[in-house]
Amino acid sequence: LPDSTGRPLSTLERTWLVADRVAPPFVNQLVLEGEGWPVPAAGWPRLLLELARAVPGCRLRLRGALGGCRWVADGPLPAVQEVDGSCWDGQGPAGAPWLRAPLSPEQGPTCELLLVRPGAPPTAPASARGAGSKPPVPRLVLRTHHAVTDGQGTLLLARALFALLRQEQPEPATAGLPTDEGLATMAPLPAASWQPPPEQSVSPVGPATPDLAAGLRWARQSVPGRFSALLPQVLLLLARHAGAGPDRPVLVSVPVDLRPHRPGLHSTANLTGFHHVPLHELVTAPDPRAAIQGALAAQRAAGAELAHLRFLASQPGLRWTPLGVLAAGASRLARQALARDRFGASAAVSNLGRLDLTPLQGGGFVARRAFFIPPGNPAVPLFLTLTGGPAGLELCGTMPDSLAGEGRLTGLLAALAGGLQDPAAAAPLGRY
């Protein structure tokens, strides 16, 4: 395979490398729950070689030093391993230590597929599973380093993998140019100036509990049905749960896919910018949900996600300071933020959309549900993903232990799920 396919390391990707050192692993984790089981292990080497030819981003690794680093497609093929999921219910991290395994950006692999067996194999007779037990739920977890690709790139890789499992030819995807910074510079939309928000936003669940562990945890909440204006609804519910107001600022970062700025772009590059929405300024509007929806639309029209990336690219300190120095500084700032209950953003909320699961089947496996476990960062109180599908909506949040404990994370997710309104039973794909 050629080793020349790659791209320069962007400034935002460099911040993800810092996050990976502060709270490893900083990875995207797409979890598919379904029926059946993929091809036998003997078939994987050939399939992964074909995957790397079509989607070279699955074998990127980092070369070079400081601001001169590049992602180059000369690393190991994605790892595939079967793991024991008999103690994992898919609702949180308990019983799934393999979800904490690192992915090395320098050595690779930076992508891996976990085949999660929940005890007795799906083909085993009922007697082997125990009388009266529920049928096991096979799960597949596609893990990608977030500095290599984003959520949409992970989905692209998953669709290519399942196309090969169906013995179809996947659509080729580039791993190289344009980068996020390249798109931000070349995109025709106007971009307003951008400055980092002040460290004033509060946690959505109250101050940290100092005596709790200094790790991260995640939780999942499933909600049946479809909902119109989902993202504005969730942002409003989040602001209200946080008690947003003049003396309790709540700003939320919303990841934005940059690919629509280049129609037809089929790339696994890390092509994500951010909108930053000050919700405490909107919750008192006559129609706060409409006000939030209008604020998101205004930021997109102004190219705010492009301005954010242009600002990062203009900061030489982020590009040329050694990662270890940046990570030490980021860890110190995160501790201070947790102690003060004041952050640059109260949460990051990523809306992955309502997924068509038809392309996520093959080789004997059929996906019925999909959700993303978001990476965590102690400097961000909450990272929440929204993923829709035929069975409904999946909310999945990651939070520092000192904030999530005492049922606060699960309580927040339950409050968000219980507050959603306007189910749209006939909404088409993409309504999310």
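The protein contains 12 helices and 15 strands, as seen in a model that is predicted. Of its 432 residues, 56% are buried, and its accessible surface comes to about 17300 Å², with 57% of that surface belonging to carbon and sulfur atoms. Among the contacts between residues at least 6 apart in sequence, 80% join residues that are at least 24 apart.

A useful place to begin is the open sheet, in which six strands follow one another in the order β5-β6-β7-β2-β13-β12 with mixed pairing. The edges are taken by β5 (79-84) and β12 (361-362), and because each of these has a single partner strand, one side of each is left without a neighbour in the sheet.

Moving inward to β7, which spans residues 139-145, one finds that seven of its seven residues are buried, so this strand is largely enclosed by the rest of the structure. In a regular strand the side chains alternate between the two faces of the sheet. For β7 both faces are covered, since Arg139, Val141, Arg143 and His145 on one side are buried, as are Leu140, Leu142 and Thr144 on the other.

The neighbours of β7 can be followed residue by residue. Strand β6, residues 111-117, pairs with β7 in the antiparallel sense over six bridges, and Leu114 stands opposite Val141 of β7. Strand β2 also pairs with β7 in the antiparallel sense, here over seven bridges, and the bridge partner of Val31 in β7 is again Val141. From β2 (residues 27-36) the sheet continues to β13 (residues 365-373), the two strands pairing in the antiparallel sense over eight bridges, with Ala367 of β13 as the bridge partner of Gly34.

Turning from the sheet to the pockets, the second largest pocket has a volume of about 380 Å³ and is lined by 24 residues, among which Ala214, Arg335, Leu338, Pro378 and Ser402 lie nearest its centre. The elements that give two or more residues to this lining are α10 (323-340) and α11 (401-404), and the largest share, six residues, comes from α10. By class, the lining of the second largest pocket is made up of 15 nonpolar, four polar and five charged residues.

How values were computed
Residues numbered from 1 in each chain as written. Predicted model: local features only at pLDDT ≥ 70, side-chain atom pairs only at ≥ 80, totals over all residues. Heavy atoms only, no water. 1 Å grid on protein atoms, 1.4 Å probe; cavity = no way out; pocket = protein on both sides within 12 Å on 5 of 7 lines; lining within 4 Å. Points joined across faces, edges and corners; volume = space filled by probe spheres on them. Helix = DSSP H or I, 4+ residues; strand = E, 2+ residues; numbered from the N terminus. Nonpolar A, V, L, I, M, F, W, Y, C, P; charged D, E, K, R; others polar. Pairing = 2+ DSSP bridges. Buried < 20%, exposed > 50% of the residue type's maximum accessible area, 1.4 Å probe, protein only. Contact = heavy atoms within 4.5 Å. Areas by Shrake-Rupley, 256 points an atom, 1.4 Å probe, with all protein chains shown as cover.
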